[in-house]
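Grab a pencil and open the viewer. Here are a few exercises, each with a worked solution to check yourself against.

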Amino acid sequence: MLSTIAIESLKRRKTTAILTLLSITISISLLLCVDIIRTQVKTSFTRTVSGVDLIVGAPSGQLNLLLSSVFNIGTPTKGIEYISIAALQSNKQVSWLIPLSLGDTHRGFRVVGTTNSFFDHFKYGDMQSLEMAAGSTFTQPLSTVIGADIAKSLGYKVGDKIIISHGLGSVSFNNHDDHPFTISGIVKKTGTPVDKAVYVTLQGLEEAHTGPKHSPTSMLGRKSADKANEHEHEHEHEHEHEHDEHTKEHAVYNSEAFTPESVSVVMLGLKHRVTALQLQYQINQSKKEPLMAILPGMALAELWQIMGNVESLLLGLSGLIVICALIGLATMLLATMRERYQEIAVLRTIGAGPFTLLLLIQIEAMLLTILSAALSLGLVAGLMSALKPWLSSTYGLFLSSPLFGQSSVIIILLILGCTYLVSLFPAVAAYRRGLHAGLNANS
């Protein structure tokens with residue numbers, strides 16, 4: 001009966017009740033959104049790189065190695081010699097290897113020297129592979145593949161030529177003008193640091209710094225030249241031209257065949273992930289060359305702990321907004337108390353005690369908050385479902401189910417508890433008014 005009376009009472013004050021309901025709904029929705037984004041951002045952050053079991057570089061600190069290899073921030077202090085790379089490649093526990101060479105830029109964007117194995121094995125989010133929005137991976141020594149953000153901001157397309165610069169500054173006076181790179185592909189938007197990087201071949205990067213390297217393992221350019229010379233001695237010029245065109249069409253560039261003198265970082269994928277700790281220990285204890293191997297997941301978790309103050313601040317601010325909305329609820333109930341003197345007198349006349357009036361006010365407050373919480377849950381669920389594709393492509397925020405976890409339940413319960421506490425003020429006022437009305441009736 002009290003619930004029915006409370007509902008009818010709210011209907012008589014529907015304008016004020018609706019405005020209060022709207023205020024609480026917006027506040028709870030904001031708090032739930034912050035909580036969901038906080039949780040999902042943490043999950044997505046730890047999945048910036050997926051499928052990479054170990055990252056190996058020179059001893060420079062776990063976070064420095066992570067930031068330079070995954071987030072393209074900073075650079076390792078020292079490279080890894082090729083003999084160490086070959087040893088890792090031949091290790092029975094290693095399934096694949098991605099070499100990365102850092103230290104150059106293009107118009108403020110980081111340049112990363114690597115091989116086609118990067119596009120084959122590097123994953124992000126829920127083990128999602130890199131896909132090409134246009135073009136293909138490296139097709140020749142001076143090929144480059146750019147991220148989606150670079151293509152959009154600089155207006156590049158497949159076939160354009162770019163010049164890389166030495167050093168990490170946004171402005172460089174040491175440009176490699178003699179070795180322009182041709183864009184062979186553009187990576188589809190990932191929402192990760194990949195979108196803001198320029199990927200070039202290790203061979204092209206080394207040639208830009210030291211000139212062409214002629215060695216038995218110098219890849220397709222040398223082999224094509226040798227074949228062309230043999231062909232020139234054996235056939236006429238016209239037939240030679242046709243043969244070169246045919247070779248150019250069907251040649252497959254093997255970027256892994258080039259052997260650089262050194263690289264900055266190496267990413268490893270293992271045949272069995274359970275051996276990661278064992279191999280990490282072996283690499284860290286290597287006496288041939290000082291190396292450091294880190295587990296990306298553990299390093300990302302450590303980095304997130306440093307950034308944890310930001311999420312706590314956001315959650316605290318959202319909590320204050322909800323408290324303000326609940327205080328507004330209490331203010332609304334107190335402000336309407338004068339209008340309800342007649343209602344209270346009628347209730348007292350039909351036998352309602354002061355404690356009944358106290359419960360009535362609290363039930364009204366709880367009904368408003370429960371309805372606001374239900375509306376907030378539906379609103380946030382619909383909003384997140386609608387924004388899911390945009391969040392994943394723009395910000396790399398991959399929403400996973402369930403959206404509402406244990407923290408969301410705790411938040412709703414805390415809000416209901418706070419509602420009970422703030423409703424005590426108008427409820428006590430109604431209780432006192434009921435006592436006063438009862439004393440007047442008795443007198």
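**Exercise 1: Strand β8 and its neighbours**

Strands β8 and β12 run antiparallel and are joined by 3 bridges. This is a predicted model, in which local features need pLDDT of at least 70 and side-chain atom pairs count only at pLDDT 80 or more, while totals for chains, interfaces and linings use all residues. Residues are numbered from 1 along each chain as its sequence is written, and side-chain values use heavy atoms, with hydrogens and water left out.

Task: work out which strands β8 pairs with, and which way its side chains point.

Solution, step by step:

- Start with the terms: strands are DSSP runs of E with at least two residues, helices are runs of H or I with at least four, and both are numbered from the N terminus. Two strands pair if DSSP finds at least two bridges between them.
- Now take β12: there, Val145 has Tyr199 as its bridge partner.
- Next comes β11, which pairs with β8 in the parallel sense over 4 bridges. Opposite Thr182 of β11 you'll find Ser143.
- Last, the side chains: in β8 (residues 143-146), Ser143 and Val145 point one way, Thr144 and Ile146 point the other way, and all are buried. Buried means under 20% relative accessible area, exposed means over 50%, and partly exposed is in between (1.4 Å probe, protein chains only).

**Exercise 2: A threonine in a loop**

Task: find Thr190 and decide whether it is buried or exposed.

Solution, step by step:

- Look in the loop between β11 (181-187) and β12 (197-201), because that's where Thr190 sits.
- Check its relative accessible area: the value is 1%, so Thr190 is buried.
- Look for a partner: the side chains of Thr190 and Thr192 make a polar contact at 2.7 Å. (That term needs a pair of N or O atoms within 3.5 Å; within protein, one must be able to donate a hydrogen and the other to accept it, and residues adjacent in sequence count only if both atoms are side-chain atoms.)

**Exercise 3: Charged pairs**

Task: how many salt bridges does the structure hold, and where do Arg273 and Asp53 lie?

Solution, step by step:

- Recall the idea: side chains of opposite charge can pair when their charged atoms come close. The cut-off for a salt bridge is a side-chain nitrogen of Lys or Arg within 4 Å of a carboxyl oxygen of Asp or Glu.
- The count is 6 salt bridges.
- One of them joins the side chains of Arg273 and Asp53, at 2.7 Å from N to O. This pair links distant parts of the chain, 220 residues apart: Arg273 is in the loop between β14 (265-270) and α10 (276-284), and Asp53 is in the loop between α2 (14-45) and β1 (54-57).
- Compare the two ends: Arg273 has 58% relative accessibility, so it counts as exposed, whereas Asp53 is buried at 6%.
- Try another: Glu131 forms a salt bridge with Lys188, with the closest N and O atoms 3.0 Å apart. Both ends are partly exposed, Glu131 at 45% and Lys188 at 39%.
- Finish with a group: Asp149, Lys189, Asp195 and Lys196 are linked in a network of salt bridges.

**Exercise 4: Cysteines**

Task: how many disulfides does a search of the whole structure find?

Solution, step by step:

- Apply the cut-off, a pair of cysteine sulfur atoms within 2.5 Å.
- The search turns up 0 disulfides.
- Now look at two cysteines: Cys33 is buried at 14%, while Cys418 is partly exposed at 31%.
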